[in-house]
Amino acid sequence: MKLFYAKGTISIAPAIALLEAGIEHDLARLDFAAAEQTKPDYLAINSKGRVPALALDNGEVLTETGALLDYIAALAPAAKLVPQTPVQAAHMRSVMYYLASTMHVAHAHKMRGSRWADNPESHADMTAKVPQTMTACAGFVEAECLQGDYVCGAQFTVADAYLFVVCNWLAGDSVVVSDFPKISTFMSRMEARESVKMVRAKDMI
Ligand SMILES: N[C@@H](CCC(=O)N[C@@H](CS)C(=O)NCC(=O)O)C(=O)O
């Protein structure tokens with residue numbers, strides 16, 4: 001399979017999950033500075049013009065970070081990347097849905113205002129709000145998402161790869177990360193994992 005990604009984006013979450021799962025894969029890097037995600041070659045792979053996309057060996061292409069993470073976890077059950085109990089699995093997915101529907105969207109208001117408005121003043125207004133909205137999101141993560149060392153307590157799950165990449169954006173969004181001790185400790189713990197060291201070594205994040 002081949003993962004289409006761009007540096008620092010949410011597509012690094014499935015890259016981390018593939019490494020955690022021990023699944024062999026190829027990587028295809030897109031250059032956002034050159035707007036490669038908008039070019040016909042890539043739109044033929046993912047018509048949404050976004051990353052990640054995961055091209056399977058049978059020709060199918062999967063998109064949406066949460067779906068890729070669940071797929072990767074299902075391919076490697078021995079890695080136990082999804083909790084075994086239904087309630088813990090539901091907590092894991094509630095965090096992933098929150099990241100997809102709320103926190104990632106709040107972050108996107110900084111650079112991608114043209115998705116929602118045409119007036120440049122509206123873009124500036126959206127950008128100015130990002131430190132406030134992302135700080136509020138960090139507050140929710142701190143209070144309700146991290147149930148211990150990781151999202152699901154002691155067990156590392158695919159939601160941790162997702163949360164790590166989104167929290168990696170916080171400082172750039174002018175959030176004072178040191179105000180959130182659980183997030184700070186979680187980020188250090190993640191940095192110590194081989195998978196994260198590997199994506200850093202490959203200049204993916
Ligand atoms: N809902 C999608 C969102 C993917 C997404 O927006 N990715 C961003 C990078 S973080 C992207 O590809 N942006 C390119 C663009 O907006 O042109 C997912 O979770 O996979």
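How many residue pairs are in polar contact between domain 1 and domain 2? Three, counting pairs with both residues at pLDDT 80 or more. Keep in mind that this model is predicted.

**Stop 1: the two domains.** Select residues 2-79 and colour them as domain 1. Then select 86-193, which the assignment gives as domain 2. Their centres, taken over C-alpha atoms, are 20 Å apart.

**Stop 2: the interface.** Show the residues in contact: 16 from domain 1 and 15 from domain 2. About 1,200 Å² is buried between the two domains. Carbon and sulfur atoms give 65% of that area. Two salt bridges also cross this interface.

Now look at the domain 1 side. Select helix 1 (12-21) and helix 3 (65-75); these are the elements that give two or more residues to the side touching domain 2. Colour that side by class. Eight residues are nonpolar, five are polar and three are charged.

**Stop 3: a salt bridge.** Pick Asp70 and Arg93 and show their side chains. The pair forms a salt bridge, with the closest N and O atoms 2.8 Å apart.

**Stop 4: the ligand.** Centre on the ligand and display the 14 residues around it. Those that come nearest are Arg50, Val51, Glu64, Thr65 and Arg115.

Next, check three distances to ligand oxygen atoms.

- Arg115: a polar side-chain atom lies 2.7 Å from a ligand oxygen.
- Gln37: a side-chain N or O atom is 2.9 Å from an oxygen of the ligand.
- Arg112: here the distance from a side-chain N or O atom to a ligand oxygen is 3.3 Å.

Methods: Residues numbered from 1 in each chain as written. Predicted model: local features only at pLDDT ≥ 70, side-chain atom pairs only at ≥ 80, totals over all residues. Heavy atoms only, no water. Domains from an automatic or database assignment. Contact = heavy atoms within 4.5 Å. Buried area = accessible area lost by both parts, 1.4 Å probe. Salt bridge = Lys/Arg side-chain N within 4 Å of Asp/Glu carboxyl O. Polar contact = N/O pair within 3.5 Å; in protein donor to acceptor, adjacent residues only side chain to side chain. Helix = DSSP H or I, 4+ residues; strand = E, 2+ residues; numbered from the N terminus. Nonpolar A, V, L, I, M, F, W, Y, C, P; charged D, E, K, R; others polar. Near = heavy atom within 4 Å.
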